[in-house]
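Me: Please take a close look at one part of this model. Then connect it to the rest of the chain.

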Amino acid sequence: MNKVAELIKSIASSLVDKPEEVEIHEVTGDTTTVYELMVAQEYLGKIIGKQGKTAKAMRTLLGAAAAKDKRRAVLEIVCLLYTSDAADEEDRVDLGGRRII
C-alpha cells in the first residue's frame, strides 16, 4: 500500500468506531489510480459527512497527493452490505454484496 492509500485509510479509520474494519484497495491504470474505500453500512454517514463535506475533503487530499506524482486519482466509497456489529466475521449477516457511493 502506498502513502496515498495509507493517508486515506488513516483518515477513514479515525472517523469510525471500529477502525480495523476499514479497507482500501488500489486499482492502478496507465494514468489513473482508483482507490476503493470499503466501510460497513453503519459508518457510511461518518465517512461521507454532512452534505458530503468529509468525502469531498478526502477526495481533495487524494487529488493533491496524486498530482504530485503526475497521476489522476479517484476515490470510490464502497458500502459493504452487512452488519458489522456481529461478534466475529462468521456471524456477520451478508445483505447482498456492496454498493458504490
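**One helix and its surroundings**

Reply: Lys3 and Ser14 are exposed, on the other side of H1 from its buried residues. (Exposed is over 50% relative accessible area, buried under 20%, partly exposed in between, with a 1.4 Å probe and protein chains only.) This is a predicted model, in which local features need pLDDT of at least 70 and side-chain atom pairs pLDDT 80 or more, while totals for chains, interfaces and linings use all residues. Numbering runs from 1 along each chain as its sequence is written, and side-chain values use heavy atoms, without hydrogens or water.

Start with the helix itself. H1 has 13 residues and spans 19 Å from its first C-alpha to its last, close to the 18 Å expected at 1.5 Å a residue. (The expected span is 1.5 Å times one less than the number of residues.) Helices are DSSP runs of H or I with at least four residues; strands are E runs of at least two; both are numbered from the N terminus. Val4, Ala5, Ile8, Ala12 and Ser13 are the buried part of H1. Seen down the helix axis, they fall within an arc of 160°, so they line one face. The arc is taken over directions from the axis to the C-beta atoms.

At the start of H1, a side-chain oxygen of Asn2 comes within 3.1 Å of the backbone nitrogen of Val4. This is a polar contact: N or O atoms within 3.5 Å, one able to donate a hydrogen and the other to accept it, with sequence neighbours counted only if both atoms are side-chain atoms.

Now Ser14. Ser14 sits in H1, residues 3-15. Its relative accessible area is 59%, so Ser14 is exposed. A polar side-chain atom of Ser14 lies 2.7 Å from the backbone oxygen of Ile11. Ile47 is 33 residues from Ser14 in sequence, yet their C-alpha atoms are 9.7 Å apart.

Ile47 leads to the core. The largest nonpolar core has 23 residues, and Tyr35, Leu37, Ile47 and Leu75 have the most contacts inside it. (Such a core is a set of buried Ala, Val, Leu, Ile, Met, Phe, Trp, Tyr and Cys residues joined through side-chain atoms within 4.5 Å.) H1, E2 (32-40), H2 (44-48), H3 and E3 (72-82) each give two or more residues to it. E3 supplies the largest share, five residues.

Tyr35 ties back to H1. Beyond four places in sequence, its contacts (heavy atoms within 4.5 Å) include Asn2, Val4 and Ala5. Leu62 and Leu75 are also among them.

H3 makes a useful parallel. H3 covers residues 53-68 and reaches 23 Å end to end, C-alpha to C-alpha, close to the expected 22 Å. Its buried residues are Ala55, Met58, Leu62 and Ala66. They fall within an arc of 70° down the axis, so they too line one face. Lys53, Lys56, Thr60, Ala64 and Lys68 are exposed on the other side of H3.

Loops flank H3. Gln51 lies between H2 and H3, and Lys70 between H3 and E3. Gln51 has a positive phi of about 55° without being a glycine. Lys70 also has a positive phi, near 55°.

Finally, the whole chain. Three helices and four strands follow the pattern α-β-β-α-α-β-β. Of the 101 residues, 36% count as buried.
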